[in-house]
Amino acid sequence: MIFVGLSHKTAPIEVRERLAIGRNQLPEVLARLTAHPAIGEALVLSTCNRVEVYASPRQMSPGLTRPGSAAPPSEDEASLDDEALRAAASVLVGIGGDAVRGHLAGCVGSEAVLHLFRVAASLDSMVVGEPQILGQMKDAIEVARGAKTLGARLGRAAHRAIKVGKRVRTETAIGAGQVSVSSVAIDLARQIFTDLAGHTALLIGAGEMAEAASKLLVRAGARLVVVNRSPERAAALAREVGGEPRPWAELERAVVEADIVVSSTSSPSYVVTLDLVRRARKARRGRSLFLIDIAVPRDIDPAVNKLDNVYLYDVDDLSQIVAQSVEGRASEAARAEAIVVDEAQAFEAWTLERALTPTIVGLRARTRSILAGEVERSLAGKLRHLGPAERQALALMIDAATNKLLHVPTTRLRAMAGDPRVAEHVDSLRELFAIDDAPADSGVARALAEGELRETPDSLRTPVSARGAEPPASGERGGASPRPADDGLYARQPGARSQPAEAGVMAVANPAAAVRAAGLKGA
């Protein structure tokens, strides 16, 4: 898996707003990403503080993809990571222009999965512990599924990220206290006025962040006025919190009356312009005006900050308050980090184990083919007199012999999933048994391989982890229920690019070199 993107940590707001991608634009961006031959699956997470691409490089050659610590990688393996990183970066630069290029960060393999898990756990958020990120990530997954760009490999990583985020919120108190951009904005308003009771607050917008801000403003005692382009939504929000709705045409009059303006719309351009504030300032007769812009792209022209008695704060200006908020939850954040790291390591072990599946399946098919071929020749010669019952007994014997012969090597191979030498052992195994060159089975061999003659006894079956079960949660390794490799909510959607079963989201070649080659910062 690869990650390319920018956030409040790597880019100021004037750069982030260049790359702001609305929900209705996501399918087009996803299509552009997966149209590139190096990208097989893609997910785009776009919020007010980050735009990030998570993608699974399209695997173009058979065999086990090497873990990042297994060297040396083939040129093809290395170029897949490089090309996927470059392709994702190119799409983002195409949207935001050259100004975003120097702010893009990236990582691959286990580092990309760890970053995804940290984001879901809100450890990478501007306000650590904020709960909105999980909903935003679920929306991103749903859009990618609808666009048919989310397959089994990337889908499982995203699915696990949601579970990690929920686990962090359940097992730690990281979400205690003021834990959203909206709440920090209202905290700033309290610092300005000490007591909001008796003051008028204008809320521009009626979305999720505006709703959160409205409840906090009313709770603090402010008189609330709500202005939104949709009068129905403004009326509904005002009715819910006990505020006063105003039509969009009265925006300027509402600014004149307000002590505090909090703006959070999805407008691509300024809704509070410099000229509007100039006129409002004149009508206010010297009264100070405090504006808090929590939208990205910004709602309020930053030039208004140059006017006398006008004070504007945007999301980047909230960083000092955020830092104070984080200090109080430092121990909980440390606990959350430990959970995320543990989950990422568990996911990596599962992914590497699952990457062995094609070799195990190939070894079993090769062995069955040889044994069944010999039986087939005997049944055509000296044993041609045998009846159906005897033939069935022979088939059962071959099936049992195959399982017993391969039980030890397959068990030991799976146990080596996290060993850096596993790729070399797999290569040797495939070469020694000519697994890649195995002929197609026929007759009894085909019947045995497809399980037509008899269901394999439970005691001799390949464990579910080698058949692509969902990754177990940390601390529950080996406890997953069997599930087909491409089954479930995050199965490959019709029309999505098919991926080799052996390709894992963690296994990459020289991740640091791939990131540098793509001209990206480390995440």
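**Exercise 1. Two helices in contact**

Task: Work out which residues of α4 meet which residues of α13, and describe how the two helices are placed.

Solution. Start with the contact itself: S110, V113, L114, F117 and R118 in α4 meet E337, V340, V341, E343, A344, F347 and E348 in α13. Sorted by class, this contact of α4 with α13 has seven nonpolar, one polar and four charged residues. The structure is a predicted model, and the geometry that follows is computed from its atoms. The next step is to look at the axes of α4 (residues 110–120) and α13 (residues 330–355), which come within 9 Å and cross at roughly 140°. Angles over 145 degrees would count as roughly antiparallel and those from 65 to 115 as roughly perpendicular; α4 and α13 are therefore oblique to each other. Finally, the handedness of the crossing of α4 and α13 is right-handed.

**Exercise 2. A second helix pair**

Task: Describe the packing of α7 against α8, giving the angle, the distance between the axes and the residues that meet.

Solution. Begin with the geometry: helix α7 and helix α8 (residues 208–219) pack at an angle of about 35°, and their axes are 8 Å apart. The crossing in which α7 passes α8 is right-handed. Then list the partners, which are V181, S182, S183, I186 and R190 on the α7 side, meeting M209, A212, A213, L216 and L217 on the α8 side. By class, the contact of α7 with α8 has seven nonpolar, two polar and one charged residues.

**Exercise 3. The six-stranded sheet**

Task: Give the strand order of the open sheet that contains β8 and β9, identify its edges, and state which helix lies across β8, β9 and β10.

Solution. First, the order: six strands form this open sheet as β7-β6-β5-β8-β9-β10, with parallel pairing. Its edge strands are β7 (244–246) and β10 (310–314), each of which pairs on one side only. Neighbouring strands of the sheet are turned against each other by 20° on average, direction ignored. Next, take one pair within the sheet: β8 (residues 260–263) runs parallel to β9 (residues 289–293), and four bridges join them; among the residues involved, I260 has F290 in β9 as its bridge partner. Finally, helix α7 (residues 181–193) lies across β8, β9 and β10, and runs at about 165° to β9.

**Exercise 4. A strand with two partners**

Task: Find the strands that pair with β1, locate the partners of G5, and decide whether the faces of β1 are covered or open.

Solution. Take the partners in turn: β1 is joined to strand β3 (residues 50–57) by six bridges, and these two strands run antiparallel. β1 also pairs in the antiparallel sense with strand β4 (residues 105–108), here over four bridges. G5 shows both pairings, since G5 stands opposite E52 in β3 and has A105 as its bridge partner in β4. Now turn to burial: of the six residues of β1 (residues 2–7), six are buried. Both faces are covered, with I2, V4 and L6 buried on one side and F3, G5 and S7 buried on the other.

**Exercise 5. Buried and exposed positions**

Task: Classify L85, T149, R285 and N309 as buried, partly exposed or exposed, and place each one in the chain.

Solution. The cut-offs needed here are under 20% relative accessible area for buried and over 50% for exposed, with partly exposed in between.

- L85 lies in helix α3 (residues 75–96) and is buried, with a relative accessible area of 0%; the C-alpha atoms of L85 and A55 are separated by 8.8 Å, although the two residues are 30 residues apart along the chain.
- T149 sits in the loop between α5 (132–146) and α6 (152–171) and counts as buried at 3% relative accessibility. Leaving aside residues up to four places away in sequence, T149 touches L30, T34, E41, A42 and A144.
- R285, in the loop between α11 (274–284) and β9, is exposed at 77%, and its phi is near 55°, a positive value in a residue other than glycine.
- N309, in the loop between β9 and β10, is partly exposed at 33%, and has a positive phi of about 65° although N309 is not a glycine.

**Exercise 6. An unusual peptide bond**

Task: Locate the cis peptide bond that precedes P297.

Solution. This bond joins V296 and P297, and its omega is about 5°. P297 belongs to the loop between β9 and β10.

Note on methods. Residues are numbered from 1 along each chain as its sequence is written. This is a predicted model: local features need pLDDT of at least 70, side-chain atom pairs count only at pLDDT 80 or more; totals for chains, interfaces and linings use all residues. Side-chain values use heavy atoms; hydrogens and water are left out. Two strands pair if DSSP finds at least two bridges between them. Axes are lines fitted to C-alpha atoms, for helices over the stretch in contact, and angles run from 0 to 180 degrees between N-to-C directions. Contact means heavy atoms within 4.5 Å. Buried means under 20% relative accessible area, exposed over 50%, partly exposed in between (1.4 Å probe, protein chains only). Angles under 35 degrees count as roughly parallel, over 145 as roughly antiparallel, 65 to 115 as roughly perpendicular and the rest as oblique. A crossing is left-handed if the near helix is turned anticlockwise from the far one by less than a right angle, and right-handed if clockwise. Ala, Val, Leu, Ile, Met, Phe, Trp, Tyr, Cys and Pro count as nonpolar, Asp, Glu, Lys and Arg as charged, and the others, Gly among them, as polar.
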